[in-house]
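Here's a quick briefing to read alongside the model. Grab the structure viewer and follow along topic by topic.

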Amino acid sequence: VSTYQLRVDTFQAQHANVTVKIVPIDENDVPTQVQAASAAGTLPALLYAAAEDGVTFGAQGLTDNAATTKVINDIGRQVFYPGTLAVNQSAQAGVYYALPFTGWIQGIWYRSDWFEKAGLNPPNTWEDMLKSAAHFYKPGENQYGILVGTKPEVYTEQRFTPIAASNGAGRFDSSGNLHFNTPEMKQAIELYAELAKYNPPGPQSWRARDYYLQGKMAGFFYSTFIMDDLAIQSAAADSLTGKNFSNLAGAQFDPQLVEHTGFVPIIHHKTDAGYGVIVDMIMFKQKNPAVTQAASDFVKYLFTPHAYITWLHVAPGGNNPVIHGIADNPEFLNDPKGVFKHYGKDKMDTITSGMNDITDFSIVGGKVVPAGAVIYSKTIIPQMIYKVTQESMPVEAAMSWAEDQMKSLIGQL
């Protein structure tokens, strides 16, 4: 919060007639707080919240789309990673509900040194994922090919999403109707189940990253929140013990691991797909044009390099830039925790390029499908994957079960 307040103080020093007040609210309370403020006519000029909230409020007519789009154009639409704008696109082409500001990216972190020695391509296609996972799967040596989530929890759905999206599969059509039980989705589930065969034993989740940090795994799906664990000994400590898995005895920190780690942000198949979460600056409609202008000026100030970089440095790896030209900026690479210097500008460029193709199954055609959030919260897709990978349920039967569950939830909305 002190960093954010410093940015406010600096802006106010440059704009003596403007007052900016930071009001923290719990992210779970955002929808109810906004609805209450709207009813009372007290909507804030700006809200820092998830893109799903921005699109929801935009569809409700609460956002100032003209002012938002003007700020984006003033900064330069071409400066933004395309995927960050795509999730904020309104139903009208070239008009945006909210302005992307930060985000985190998911991808496959893999042992580039192992891959190079084996003559294998990076695992960025369905074929190369399968080939490498099988090649490095040596359970007799306590070594595993890949980590994909198989427990019935959110981690599993986040890892499955870009695989499905890369095959053109989703949950809804452009009209918001359920469109799940398709050949494209079936193929994605079959691939995921095949990859799961090369997991460590048992149903797995994010915790199995321990295998990678202890040198027992070739690759794993994870968000950019893992960056400090790979680079800094104190951050990695929790994954270097033997307490979490009976077949891991613990290991010393490998200072060369970050150097020997590559990153695949985009999966290539029928189309390109990635996964991540974008956090927006949401501009609400105001009765006073001067308030809107002040909010626009403040957002543009926050995108100036020094202001933006210090904001991103609050959570290295968790806050990633949504615009080009930041990831290779020397100031950005010199974060206070010393994380990014271990990666260097080339790797940071690769990591942030994941912003090009962000996928969100709940946003279709510039609209948030309300059922999407409910289906996600009920972990229906992860439960389906668990049934296939851990209970040997046939894919068709598991898909039918999942579709029935989704229809039931939609009927209750």
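Before the first helix pair, one definition: a helix axis here is a line fitted to C-alpha atoms over the stretch in contact, and angles run from 0 to 180 degrees between N-to-C directions. Bear in mind that this is a predicted model.

**Helix H1 against helix H13**

- Helix H1 (residues 2-14) packs against H13 at an angle of about 120°, and the two axes are 11 Å apart.
- Angles of 65 to 115 degrees would count as roughly perpendicular and angles over 145 as roughly antiparallel, so H1 and H13 come out as oblique to each other.
- The H1–H13 crossing is right-handed.
- On the H1 side, the contact is made by Arg7, Val8, Thr10, Phe11 and Gln14, while H13 brings in Ala294, Asp297, Phe298, Tyr301 and Leu302.
- Sort the residues of this H1–H13 contact by class and you get six nonpolar, two polar and two charged.

**Helix H8 against helix H9**

- The axes of H8 (residues 154-165) and H9 (residues 183-196) come within 9 Å and cross at roughly 125°.
- That crossing angle makes H8 oblique to H9.
- The crossing of H8 and H9 is right-handed.
- From H8, the contact uses Thr156, Arg159, Phe160, Ile163 and Ala164; from H9, it uses Met185, Ala188, Ile189, Leu191, Tyr192 and Leu195.
- The class split for H8 with H9 is nine nonpolar residues, one polar and one charged.
- A reminder for reading such lists: an α-helix has 3.6 residues a turn, so residues three or four places apart point the same way.

**Nonpolar cores**

- Which residues touch the most other members of the largest nonpolar core? They are Trp109, Ile163 and Tyr343, in a core of 119 residues.
- H9 gives the most to this core, with eight residues.
- Another core lies apart from it and has eleven residues, including Ala37, Leu43, Leu62 and Ala98.

**What's buried in H4 and H7**

- In H4 (residues 65-75), the buried residues are Asn65, Ala67, Thr68, Thr69, Val71 and Ile72.
- Their cover includes helix H5 (82-86), strand S2 (99-111), strand S6 (272-283) and helix H13 (289-302).
- Just after H4 sits Gly76, with a positive phi of about 115°.
- In H7, the buried residues are Trp126, Asp128, Met129, Ser132 and Ala133.
- Among the elements covering the buried residues of H7 are S2, helix H6 (112-118), H8, H9, strand S3 (219-223) and strand S5 (267-268).

**Positive phi outside glycine**

- Some background first: most residues other than glycine have a negative phi.
- Asn142 goes the other way, with a positive phi near 60°.
- You'll find Asn142 in the loop between helix H7 (126-135) and H8.
- Is Asn142 buried or exposed? It's buried, with a relative accessible area of 16%.
- Ser392 also has a positive phi, near 60°.
- The loop that holds Ser392 runs between helix H18 (380-390) and helix H19 (395-412).
- Ser392 counts as exposed, because its relative accessibility is 63% and the cut-off for exposed is over 50%.

**Single residues to click on**

- Leu248 lies in the loop between helix H12 (233-236) and strand S4 (261-264).
- With a relative accessibility of 4%, Leu248 counts as buried.
- Not counting residues up to four places away in sequence, Leu248 touches Asn142, Asp210, Tyr211, Gln214, Lys216, Thr241 and Gly242.
- Leu248 and Gly140 are 108 residues apart in sequence, and their C-alpha atoms are 13 Å apart in space.
- Asn329 belongs to the loop between strand S7 (320-321) and helix H15 (330-333).
- Asn329 counts as buried because its relative accessibility is 19% and buried means under 20%.
- Leaving aside neighbours within four places in sequence, Asn329 is in contact with Pro305 and Ile309.
- Ser377 is part of helix H17 (residues 370-377), and at 51% relative accessibility Ser377 counts as exposed.
- Ser377 and Glu153 are 224 residues apart along the chain, with a C-alpha separation of 9.1 Å.

Note on methods: Residues numbered from 1 in each chain as written. Predicted model: local features only at pLDDT ≥ 70, side-chain atom pairs only at ≥ 80, totals over all residues. Heavy atoms only, no water. Helix = DSSP H or I, 4+ residues; strand = E, 2+ residues; numbered from the N terminus. Parallel < 35°, antiparallel > 145°, perpendicular 65-115°, else oblique. Left-handed = near helix turned anticlockwise from the far one by under 90°. Contact = heavy atoms within 4.5 Å. Nonpolar A, V, L, I, M, F, W, Y, C, P; charged D, E, K, R; others polar. Buried < 20%, exposed > 50% of the residue type's maximum accessible area, 1.4 Å probe, protein only. Core = buried A, V, L, I, M, F, W, Y, C linked by side-chain atoms within 4.5 Å.
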